Amino acid sequence: MATAYVLMIVKPGTESDVAKKLVARKEVVDISVVYGQYDLVMKVETPDMKSLQDFILGIRKDKNVENTTTMIAVK
């Protein structure tokens, strides 16, 4: 299992829409809209690193997602 925290910068005003879309994904354990340098913080769990990579590359295709930073948890 791969666990990661994804910090996201999205287009202004789209935070809630992006969060609602992502929370429906089975990989997303938790997601929060936050203030500061990032707009969203998301905890993701996937079966393996390849699945994590595919998930991250997929969310980057969203036109409202401007930037992601992925922090992979070490167990």
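**Entry 1. Terms and model**

I count a residue as buried when its relative accessible area is under 20%, and as exposed when it is over 50%. I note that the model I am reading is predicted.

**Entry 2. The pair Lys21 and Asp62**

I looked up Asp62 and found a relative accessibility of 16%, so Asp62 counts as buried. Its side chain meets that of Lys21 in a salt bridge, with 3.0 Å from N to O. I then asked where the two residues lie. Lys21 belongs to helix α1 (residues 15–23), whereas Asp62 sits in the loop between α2 (49–59) and β4 (65–72), so the pair ties together parts that are 41 residues apart in sequence. I also checked whether Lys21 is buried or exposed. Lys21 has 52% relative accessibility and therefore counts as exposed.

**Entry 3. The other charged residues I examined**

How many salt bridges does the structure hold? I recorded four salt bridges. Among them is the one between Glu27 and Arg25, whose closest N and O atoms are 3.5 Å apart. Glu27 also forms a salt bridge with Lys26, and here the closest N and O atoms are 3.6 Å apart. Through shared partners, these salt bridges join Arg25, Lys26 and Glu27 into one network.

I compared the three residues by accessibility. Glu27, at 13%, counts as buried. Arg25, at 35%, counts as partly exposed. Lys26, at 77%, counts as exposed.

**Entry 4. Strand β3 and its two faces**

I followed strand β3 through residues 40–46 and noted that its side chains alternate. Which residues of the strand point to the buried face? Leu40, Met42, Val44 and Thr46 point to one face and are buried. Val41, Lys43 and Glu45 point to the other face and are not buried.

**Entry 5. The partners of β3**

I next looked up the strands that pair with β3. Strand β1 (residues 2–10) pairs with β3 in the antiparallel sense, over seven bridges. In β3, Thr46 has Ala2 standing opposite; Thr46 is one of the buried residues of Entry 4.

Strand β2 (residues 28–33) also pairs with β3 in the antiparallel sense, over five bridges. Here Ile31 stands opposite Met42 of β3, and Met42 is likewise one of the buried residues.

Finally, I examined the hairpin of β2 and β3. Six residues lie between its strands. In this hairpin, Gly36 takes a positive phi near 125°.

Key. Residues numbered from 1 in each chain as written. Predicted model: local features only at pLDDT ≥ 70, side-chain atom pairs only at ≥ 80, totals over all residues. Heavy atoms only, no water. Buried < 20%, exposed > 50% of the residue type's maximum accessible area, 1.4 Å probe, protein only. Pairing = 2+ DSSP bridges.
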